[in-house]
Amino acid sequence: MSKQIEEQIGRAFEYVTGTLSSSERAEYELLLKVSVEERTLVEFWQEHMLALDQQAGELAPAADTWGKIAAKINPASKSPDARETGGPGLSTWFAWISTAMATVLIAIILIKPMVDTPNNIPNTDYIAVLTDTQGNAVLTALTTAKDNLMWLQWEADSLATENENSETPKESSLQLWAVSKRDGQIRSIAIFDDINSNTLALNETTFRLVTDSSFLVLTREEAGGSAIDEPSEDLIARGVCIRFKGDEA
Amino acid sequence: MKDDDLINLIARCALRDQHALKQLYDRLSPWLNAVAFRILKSAELSNDVLQEAFVQIWNNAASYRQDKSRPLTWICSILRYRALDRLELERKHQDKRVVDDDLHALDKHLTKDSLEETIHKDQVKSHIHTCLQSLNNRIADCIKLAYLYGYTRDEIAKHFAIPPNTIKSWLRRGGEKLKECLETRI
């Protein structure tokens, strides 16, 4: 084993055990942001050392701890137990929450009636709200298991802003990708030349890509889609893909 | 709680579902609070850290990658790093921590029964216990004192009356041997 590898293993181990000095730790955390290799080592140790924590037992938290958490994640709320709220004066971050929630609601309210008869809500759908780096919803994708269709709701305003900021030539396509939750690989689902498509028929393969995905990602590519079948760095939006149960609406 | 359930709750947190965070909190907070308390030795501080950790879980839920780590590992790591940060801050005001008490507690931590129970519950999870037992006792104690109770190299060095650099070498050597041992068992 080379000295360098020994050093990498040792430093990752000490980071996870917590014995790096504060300056070493700060330096290492910077390295973790750019080095996949170091992150993989840290993940290795975290995964294995967890077994030691699992014998910690239990200690009931203070009665007001949850209230404090709820107040922090939802600063506009008067009541610590209040659910999602909206209102003027919220931070950009909270505005993102509202936008995302609103988009989910729009997806549920506007798209669901198109795909369901009123009394026939599918048992399982997959929903992803793809947002840009500012937290603005760009695309909501709802996949129905019943008919292998993806229903698309584009947010033209958000996309227009993205277009203005893009350095990619106007002759371009949008490409939707799925990030697999099994192997982390990114695979293409569809290429769009415009945002007029409201539905996308999925075949068996692309349907599985959706159901197996942790994230959906939208990128801008050269016209006709990525030639190398890999997403460009022109990331427009991304969103968690979750299995959505009808009874949660 | 199964991994799939936790993954689902984290995904729902990413979609800003507070009810999902509350479910995570209800299921995991007593255990996480115990992990934080073991490091901080103060209920007030462990509750503060628990609070910080759940806010971070909420804020970072969208960045969780299940292909990279199990949900429990991700959640517990967030809590542990917040607890270590807090411990570092508090060290300036705390009386010197006594290694002896925690060293004594280590004997109870890995009783034969608990080890066997762990092995029975989850073979993979037990590898770290087996591999720790294969190390020199003093090195294994160093690792456990650091990981479980948050002791620094200096604090451990003082207890063993040896230079901090020797503790660093023990930890590094212990890490290498543990990795070798774990890799042969995966």
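Two exercises on a helix pair and one of its residues follow, worked on a predicted model.

**Exercise 1.** Classify the packing of helix 1 of chain A against helix 3 of chain A: which angle class and which hand does the crossing have?

*Solution.*
- Locate the helices. Helix 1 of chain A covers residues 3-17, and helix 3 of chain A covers residues 36-53.
- Take the geometry. The two pack at an angle of about 50°, with their axes 9 Å apart.
- Assign the class. That angle makes helix 1 of chain A oblique to helix 3 of chain A.
- Add the hand. The crossing of these two helices is right-handed.
- List the contact residues. Helix 1 of chain A contributes Q8(A), I9(A), A12(A), F13(A), Y15(A) and V16(A). From helix 3 of chain A come E38(A), L41(A), V42(A), W45(A), Q46(A) and M49(A).
- Sort them. The contact holds nine nonpolar residues, two polar and one charged.

**Exercise 2.** Place L41(A): is this residue buried or exposed, and which residues beyond four places in sequence does L41(A) contact?

*Solution.*
- Find the element. L41(A) sits in helix 3 of chain A.
- Count neighbours. L41(A) has 23 other C-beta atoms within 10 Å.
- Apply the cut-off. A residue is buried at 20 or more, so L41(A) is buried.
- Name the partners. Neighbours within four places aside, L41(A) is in contact with Q8(A), I9(A) and A12(A).
- Check a pair across the helices. L41(A) and V16(A) lie 25 residues apart in sequence, and their C-alpha atoms are 9.7 Å apart.
- Set this against the chain. Of the 249 residues of chain A, 37% count as buried.

Key:
Residues are numbered from 1 along each chain as its sequence is written. Chains are lettered from A and ligands numbered from 1 in the order in which they are written. This is a predicted model: local features need pLDDT of at least 70, side-chain atom pairs count only at pLDDT 80 or more; totals for chains, interfaces and linings use all residues. Axes are lines fitted to C-alpha atoms, for helices over the stretch in contact, and angles run from 0 to 180 degrees between N-to-C directions. Helices (H or I, at least four residues) and strands (E, at least two) are DSSP runs, numbered from the N terminus. Angles under 35 degrees count as roughly parallel, over 145 as roughly antiparallel, 65 to 115 as roughly perpendicular and the rest as oblique. A crossing is left-handed if the near helix is turned anticlockwise from the far one by less than a right angle, and right-handed if clockwise. Two residues are in contact if their C-beta atoms, placed from the backbone, lie within 7 Å. Ala, Val, Leu, Ile, Met, Phe, Trp, Tyr, Cys and Pro count as nonpolar, Asp, Glu, Lys and Arg as charged, and the others, Gly among them, as polar. A residue is buried if 20 or more other C-beta atoms lie within 10 Å of its own, exposed if 12 or fewer, and partly exposed in between; C-beta atoms are placed from the backbone.
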